[in-house]
4 protein chains.
Amino acid sequence: MEHRKSIPSMVKDPKLIEKRRDQIIEAAVELFISKGFHKTTTREISRASGFSIGTLYEYIESKEDVLYLVCDAIHEGVEKGLKEVLVNGVSGAVMLKAAIKGFLRVMDEMQDRVLLIYQEIKSLPKEAMKYVLAKEEEITSFFEEILRRGREDGSLKIDEKYIKLMAHNIVVLGEMWTFRRWSLHKHYTLEEYMEMQTSLILRELTEE
Amino acid sequence: MEHRKSIPSMVKDPKLIEKRRDQIIEAAVELFISKGFHKTTTREISRASGFSIGTLYEYIESKEDVLYLVCDAIHEGVEKGLKEVLVNGVSGAVMLKAAIKGFLRVMDEMQDRVLLIYQEIKSLPKEAMKYVLAKEEEITSFFEEILRRGREDGSLKIDEKYIKLMAHNIVVLGEMWTFRRWSLHKHYTLEEYMEMQTSLILRELTEE
Amino acid sequence: MEHRKSIPSMVKDPKLIEKRRDQIIEAAVELFISKGFHKTTTREISRASGFSIGTLYEYIESKEDVLYLVCDAIHEGVEKGLKEVLVNGVSGAVMLKAAIKGFLRVMDEMQDRVLLIYQEIKSLPKEAMKYVLAKEEEITSFFEEILRRGREDGSLKIDEKYIKLMAHNIVVLGEMWTFRRWSLHKHYTLEEYMEMQTSLILRELTEE
Amino acid sequence: MEHRKSIPSMVKDPKLIEKRRDQIIEAAVELFISKGFHKTTTREISRASGFSIGTLYEYIESKEDVLYLVCDAIHEGVEKGLKEVLVNGVSGAVMLKAAIKGFLRVMDEMQDRVLLIYQEIKSLPKEAMKYVLAKEEEITSFFEEILRRGREDGSLKIDEKYIKLMAHNIVVLGEMWTFRRWSLHKHYTLEEYMEMQTSLILRELTEE
DNA sequence: AATGAATGAGCCTTCATTCAT
DNA sequence: TATGAATGAAGGCTCATTCAT
């Protein structure tokens with residue numbers, strides 16, 4: 001795993017840096033969601049963060065750093081959400097079902113943010129993009145592990161070679177709830193969507 | 001279906017308009033793919049198109065029009081590719097298999113372009129975006145129809161209410177070959193990917 | 001001799017480029033003389049040139065280009081002035097006397113500009129600085145040649161190895177009329193200064 | 001002579017003020033030499049001085065004060081160097097020769113610093129500039145006095161009205177070793193340069 | 001129809017200076 | 001005395017768009 005790229009700051013106090021960056025992230029997420037990264041100005045970010053443009057630049061080195069901060073925070077949120085739904089001491093199949101539902105719920109709650117990553121990731125500098133993609137891969141391997149576990153305990157029928165692909169499919173099926181929402185939300189409620197996708201996937205992985 | 005949004009031009013001759021716009025599209029696609037929409041300047045577009053900035057603006061009204069033109073052309077390409085793989089006089093199941101493979105092949109051939117749509121669509125003005133999304137929906141319904149046909153001729157086992165969702169899934173599973181290529185292309189060749197995804201989908205739709 | 005560094009322009013018509021750059025130079029010289037390079041803004045330059053900031057940047061690539069343009073034009077002026085005082089068909093000694101007087105007159109007429117070069121040359125990018133220094137060297141060798149000629153026709157007594165140094169001395173004695181003017185102009189008129197320096201130098205080079 | 005402009009400080013203890021300002025000067029000289037006054041930031045100065053930006057401003061009132069401090073210190077160094085070479089109880093001619101050589105040696109040792117004064121002096125506020133120029137004049141009059149002494153003891157042949165000018169010439173011939181080094185250092189070693197310039201000047205002032 | 005010079009609003013970023021602690 | 005976070009005016013530069021030729 002790539003280690004988190006750390007952004008230099010002119011300010012020394014780490015506590016303060018974290019506090020200020022949280023303000024920046026909170027402000028920037030909203031702005032990026034509603035206007036997009038390119039159409040958001042640094043001044044808007046600083047204003048929405050509650051301080052001056054000069055202060056903003058005490059905590060970042062460039063506008064792109066803000067995007068990175070935002071993407072990172074979003075992924076953190078997703079991972080946190082995922083970890084929370086993890087139940088232990090159950091079969092892989094049960095665990096998978098819970099994980100998919102949990103993942104979809106997170107996708108729904110964070111749809112604007114997830115969408116944001118999808119749309120602006122390409123504006124990140126090379127290095128930062130790599131790191132963000134690594135995070136995405138981590139989420140995928142989260143599902144890989146569950147699948148593998150189900151395979152081992154016999155609760156899921158899946159060939160080893162399909163595990164990675166299936167993990168990708170699950171993640172994408174979850175993320176599409178955000179990036180195809182212009183159609184899906186017209187036809188399904190979240191509950192329906194969860195129900196249907198979960199059953200599609202599990203039927204495939206559990207039939208005799 | 002939304003009808004194609006027509007972009008006003010200062011020029012009268014429709015033949016010329018089409019010719020010039022083709023030049024614009026060809027130039028802009030390359031530029032947008034390699035630098036992104038926002039980092040491409042209108043001057044670059046006109047230069048790459050082979051004429052002056054003034055002339056460019058004889059055929060479009062704003063930079064966003066170019067993006068729209070480009071997205072539209074790409075979708076056209078995808079649809080054309082899809083139509084070509086359509087075989088008639090066969091069962092829905094056979095047709096679906098061919099369609100998925102064909103679709104994946106098109107996705108692979110046009111990966112940069114498809115990715116472009118994914119990444120820049122949000123920069124389109126409201127109206128244009130709607131139209132582009134409608135195109136996307138059209139592609140989805142292309143698969144819906146095949147599924148429905150297979151259901152009717154008994155070659156596919158699928159509940160009516162799952163048809164739309166499954167169509168979406170198929171489309172997304174195809175498109176993810178482009179937007180998750182940073183991972184998928186490391187693990188699978190196109191052939192493998194086609195083989196695996198097709199078999200996953202068809203297994204699901206055909207087992208008794 | 002380094003060849004003149006040519007500055008790229010967005011504009012095609014060379015006549016227009018020259019005309020606009022002349023406007024830029026004229027405006028910038030005044031501003032640089034009165035406020036210095038660093039304290040002059042590009043907006044001031046464009047305004048004083050008679051066009052917008054956008055237009056300014058059609059003819060240069062950076063603010064430093066303006067400084068280069070200005071330094072180059074000034075040197076051109078000095079060289080032109082020098083060439084004009086050159087009389088032919090006379091002994092080296094006579095020629096030298098005329099050249100020194102002419103040079104001093106030019107220094108006096110262009111004192112602000114010469115001073116400008118002295119003070120801002122270090123703000124030029126490496127390449128441009130080299131070129132400007134080469135110009136300065138050219139002026140020195142102008143005197144070298146006259147000295148050598150006088151040595152050959154017997155009208156000047158000077159050892160070959162002193163020729164280059166003496167040329168430097170002459171140039172510096174001329175230029176100091178500008179950069180030490182805070183003292184010299186209080187004590188001498190130009191005429192006095194010319195008379196005294198010329199006689200000092202020539203006495204040295206002509207006594208038996 | 002102008003009296004040394006004194007810079008106000010928030011701090012009371014004069015010993016401390018001197019100590020801190022010495023730190024500032026030492027740090028700033030290096031920075032100004034390598035990056036120039038304008039491209040050096042106050043933050044860099046404070047960091048290189050070994051204390052915070054806040055502390056820096058306890059000892060100066062503006063960035064220009066630092067430049068003044070630096071220029072003043074450099075002149076001090078030059079004067080100190082000059083005083084050291086002064087031999088007494090000898091003829092003016094002998095003294096002059098020693099002084100020129102000593103001056104050239106100082107110019108060589110302090111070339112970066114002398115150059116710095118030449119290039120940045122114009123960035124000083126009016127008042128400070130006047131004071132610095134007065135220092136320069138002092139150095140000139142140092143040579144004036146030697147010349148006058150030589151005239152009086154008969155060891156130098158020079159008309160009274162030429163004394164000031166000759167003093168200027170000597171100073172400039174020394175300083176040009178720094179500001180024309182891009183050419184002179186290519187052609188002469190310091191020893192050669194000293195030898196040649198000294199002999200040129202003394203020949204002029206001593207021949208029968 | 002085609003050209004391309006001109007425009008200027010607006011963007012990102014820097015940095016000297018202040019002041020509460 | 002020393003610190004360093006905060007400020008915001010100001011600067012260099014870009015680029016979509018227009019319009020006279």
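**Aromatic contacts, helix H1 and the two DNA strands**

Tyr118(A), Phe179(A), Tyr118(B) and Phe179(B) come together as one aromatic cluster. The model is a predicted one, and aromatic rings are a handy way into it. Over all chains, the count comes to 30 aromatic pairs. One of them joins Phe32(A) and Phe37(A) in an edge-to-face arrangement, with 5.3 Å centre to centre and 80° between the planes. Phe32(A) has a relative accessible area of 2%, so it is buried. Phe37(A), at 5% relative accessibility, counts as buried too. Over in chain B, Phe32(B) and Phe37(B) also pair edge-to-face, at 5.3 Å centre to centre and with 80° between the planes. Both Phe32(B) and Phe37(B) are buried.

Rings also turn up underneath charged side chains. Arg203(A) sits over the face of Tyr162(B), 6.0 Å from the ring centre. In chain D, Lys63(D) lies over the face of Phe37(D), and here the distance to the ring centre is 4.6 Å.

Next comes the overall build, with chain A as the example. Chain A has 10 helices and 0 strands, and reading along its sequence gives the pattern α-α-α-α-α-α-α-α-α-α. Its C-alpha atoms fill a box of roughly 65 × 35 × 30 Å along the principal axes. Of the 208 residues in chain A, 53% are buried. Among the contacts in chain A with a separation of 6 or more, 72% come from residues 24 or more positions apart.

Helix H1 of chain B is worth a closer look. H1(B) runs over residues 14–35, and at 1.5 Å a residue its 22 residues should span 32 Å; the end C-alpha atoms are 30 Å apart, which agrees. At the N-terminal end, Asp13(B) acts as a cap, with a side-chain oxygen 3.0 Å from the backbone nitrogen of Lys15(B). After the helix comes Gly36(B), which has a positive phi, near 85°. The buried residues of H1(B) are Ile17(B), Arg21(B), Ile24(B), Ile25(B), Ala27(B), Ala28(B), Val29(B), Leu31(B) and Phe32(B). The list thus takes in Phe32(B), already met above as the partner of Phe37(B). These buried residues pack against four stretches of chain B: helix H2 (42–49), helix H3 (53–59), helix H4 (63–84) and helix H6 (111–120).

Now to the DNA. There are 39 residues around DNA strand E, and those that come nearest are Tyr57(A), Val11(B), Lys12(B), Arg20(C) and Tyr59(C). Of the strand E atoms that come within 4 Å of the protein, sugar and phosphate account for 68%. Several side chains reach phosphate oxygens of this strand. An N or O atom in the side chain of Tyr57(A) lies 2.2 Å from one phosphate oxygen of strand E. For the side chain of Thr55(B), the distance to a phosphate oxygen of strand E is 2.7 Å, and for that of Thr55(C) the value is 2.7 Å. Looking at elements rather than residues, those that give two or more residues to the surface near strand E are helix H2 (42–49) and helix H3 (53–59) of chain A, H1 and H3 of chain B, helix H1 (14–35) and helix H3 (53–59) of chain C, and helix H3 (53–59) of chain D.

DNA strand F has 40 residues around it, with Arg20(A), Tyr59(A), Tyr57(C), Lys12(D) and Tyr59(D) coming nearest. Sugar and phosphate make up 67% of the strand F atoms that come within 4 Å of the protein. The side chain of Tyr57(B) places an N or O atom 2.6 Å from a phosphate oxygen of strand F. Backbone atoms take part as well: a backbone N or O atom of Thr42(C) is 3.0 Å from a phosphate oxygen of strand F, and a polar backbone atom of Asp13(D) is 3.4 Å from one. The elements that give two or more residues to the surface near strand F are helix H1 (14–35) and H3 of chain A, H3 of chain B, helix H2 (42–49) and H3 of chain C, and helix H1 (14–35) and H3 of chain D.

Finally, some chains stay apart. Chain A and chain C share no contact, and their closest C-alpha atoms lie 21 Å apart. Chain B and chain D do not touch either, with 30 Å between their nearest C-alpha atoms.

Note on methods
Residues are numbered from 1 along each chain as its sequence is written. Chains are lettered from A and ligands numbered from 1 in the order in which they are written. This is a predicted model: local features need pLDDT of at least 70, side-chain atom pairs count only at pLDDT 80 or more; totals for chains, interfaces and linings use all residues. Side-chain values use heavy atoms; hydrogens and water are left out. The expected span of a helix is 1.5 Å times one less than its number of residues. Buried means under 20% relative accessible area, exposed over 50%, partly exposed in between (1.4 Å probe, protein chains only). Contact means heavy atoms within 4.5 Å. A polar contact is a pair of N or O atoms within 3.5 Å; within protein, one must be able to donate a hydrogen and the other to accept it, and residues adjacent in sequence count only if both atoms are side-chain atoms. Rings of Phe, Tyr and Trp (its six-membered ring) pair if their centres lie within 6.5 Å; planes under 30 degrees apart count as stacked, over 60 as edge-to-face and the rest as tilted. A charge sits over a ring if NZ of Lys or CZ of Arg is within 6 Å of the ring centre and within 35 degrees of the ring normal. A residue is near a molecule or strand if one of its heavy atoms lies within 4 Å of it.
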